[in-house]
Amino acid sequence: YLMARALIRPVPPSPSDSPQHYGLPFEPVFFTSRDGLHLDGWWIPATRPTKCTVIICHGREGSRERELPHAKTLHETGFHVLMFDFRAHGRSEGQHVTFGMYEKDDLLGALDFLATRGVERAGVLGFSLGATTAIITAAVTDRIAAIVAEGAVARLKPTLARRLWRYGVPLPIGWLIAAWALAFAAALTRGRIDQVDAIRWIPHIRAPILLIHGAQDDLVSAAEVAELSVRCG
């Protein structure tokens with residue numbers, strides 16, 4: 001139960017930063033997720049006419065500020081960029097992190113916001129939680145034109161078990177603890193967190209997808225990411 005509470009706890013903002021520090025023009029924006037939460041973001045318009053927009057989706061251990069260097073690169077390349085904090089992260093509303101189950105409603109809300117700016121489809125650059133969320137969301141909408149997913153979690157339970165192994169918990173016991181923690185987390189959030197594995201969703205994606213992963217990652221194995229690539233629709 002305590003592990004479940006730790007998994008879903010809200011994440012405070014990363015150290016204060018702003019697109020202004022990177023010489024980027026920006027507009028603070030606010031929009032709602034599909035289930036009605038208020039989300040905080042930045043709209044960074046391109047400096048020359050373009051129809052190309054990228055949504056940046058941050059990871060679990062921080063908020064959108066961490067991804068500003070990527071926003072600068074994309075802006076210099078000529079893209080519009082939308083950045084926002086997922087629910088229960090940074091300055092957005094929300095009480096629980098759900099590893100993509102409800103965060104997909106946040107990304108769908110971001111796509112709805114872009115539609116008000118005349119952008120019907122967008123690419124997504126996602127990291128960790130953001131990568132998994134991008135995969136889940138692209139499986140339920142055709143409004144994501146392309147995905148770059150870095151560090152997507154192929155299967156959540158073994159990833160949690162390996163994290164416990166870092167602290168000296170034998171893997172078989174870690175699997176058992178992870179299973180119970182996910183069961184409690186599902187009950188606390190009223191969501192099927194056990195179904196957020198990217199491996200479940202990626203076969204249903206028709207958009208182009210680039211998977212990026214580090215071979216020395218000891219939480220998500222390279223073999224699991226290779227399986228993700230094989231299962232791409």
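This passage describes the helices, nonpolar cores, salt bridges, backbone angles and surface patch of a predicted model.

Residues are numbered from 1 along each chain as its sequence is written, and side-chain values use heavy atoms, with hydrogens and water left out. Because the model is predicted, local features need a pLDDT of at least 70 and side-chain atom pairs count only at pLDDT 80 or more, whereas totals for chains, interfaces and linings use all residues.

Helices and strands are taken as DSSP runs (H or I of at least four residues for helices, E of at least two for strands), numbered from the N terminus. Helix H3 (residues 103–116) has 14 residues and reaches 20 Å from its first C-alpha to its last, close to the 20 Å expected at 1.5 Å a residue, the expected span being 1.5 Å times one less than the number of residues. Residues are classed as buried under 20% relative accessible area, as exposed over 50% and as partly exposed in between (1.4 Å probe, protein chains only). By this criterion H3 is mostly covered, with 11 of its 14 residues buried, and among the buried residues are the charged Glu103, Lys104, Asp105 and Asp106 as well as Leu107, Leu108 and Phe113. After H3 comes Gly118, which has a positive phi near 85 degrees. Helix H4 (129–138) is likewise mostly covered, 10 of its 10 residues being buried, including Leu129, Thr132, Ile135 and Ile136. The cover over the buried residues of H4 includes S3, H3, S5, S6, H7 and strand S7 (209–212), where contact means heavy atoms within 4.5 Å.

A nonpolar core is defined as a set of buried Ala, Val, Leu, Ile, Met, Phe, Trp, Tyr and Cys residues joined through side-chain atoms within 4.5 Å. The largest such core has 52 residues, and those with the most contacts inside it are Ile55, Phe84 and Leu107. When neighbours within four places in sequence are left aside, the residues in contact with Phe84 include Phe31, Leu39, Ile55, Ile56, Leu107 and Ala110, together with Asp40 and Arg64. A second, separate core of 12 residues includes Ile44, Ile56, Leu68 and Leu125.

The structure holds 13 salt bridges, each being a side-chain nitrogen of Lys or Arg within 4 Å of a carboxyl oxygen of Asp or Glu. Asp40 and Arg64, both listed among the contacts of Phe84, form one of these bridges, with their closest N and O atoms 2.9 Å apart. This pair links distant parts of the chain, since Asp40 belongs to strand S2 (residues 38–44) and Arg64 to the loop between strand S3 (53–57) and helix H2 (68–77), 24 residues apart. Asp40 counts as buried because its relative accessibility is 12%, and Arg64 is also buried, with a relative accessible area of 4%.

Within helix H2, Lys72 and Glu76 lie four residues apart, about one turn of the helix, and form a salt bridge with closest N and O atoms 3.0 Å apart. Lys72 is partly exposed at 29% relative accessibility, whereas Glu76 is exposed, with a relative accessible area of 53%. A further salt bridge is formed by Arg155 and Glu227, whose closest N and O atoms are 3.1 Å apart. Arg155 lies in the loop between strand S6 (144–150) and helix H5 (156–166) and Glu227 in helix H8 (residues 222–231), so this pair ties together parts that are 72 residues apart in sequence. Arg155 counts as partly exposed at 24% relative accessibility, and the value for Glu227, also partly exposed, is 24%. Salt bridges that share partners additionally join Arg34, Asp112 and Arg143 into one network.

Most residues other than glycine have a negative phi. Positive values near 55 degrees are nevertheless found for Ser128 and for Arg190. Ser128 is placed in the loop between strand S5 (122–127) and helix H4 and is partly exposed at 30% relative accessibility; Arg190 is placed in the loop between H6 and helix H7 (198–201) and is exposed, with a relative accessible area of 76%.

At the surface, Tyr1, Leu2, Leu176, Trp180 and Phe184 make a nonpolar patch of about 620 Å². Patches are made of residues with over 30% relative accessible area and no salt bridge, like charges being joined within 9 Å and nonpolar side chains (Val, Leu, Ile, Met, Phe, Trp, Tyr) within 5 Å; accessible areas come from the Shrake-Rupley method with a 1.4 Å probe, and for residues only the protein chains shown count as cover. Helix H6 (residues 171–189) contributes the largest share of the patch, three residues. Phe184 is found in H6 and counts as partly exposed at 35% relative accessibility.
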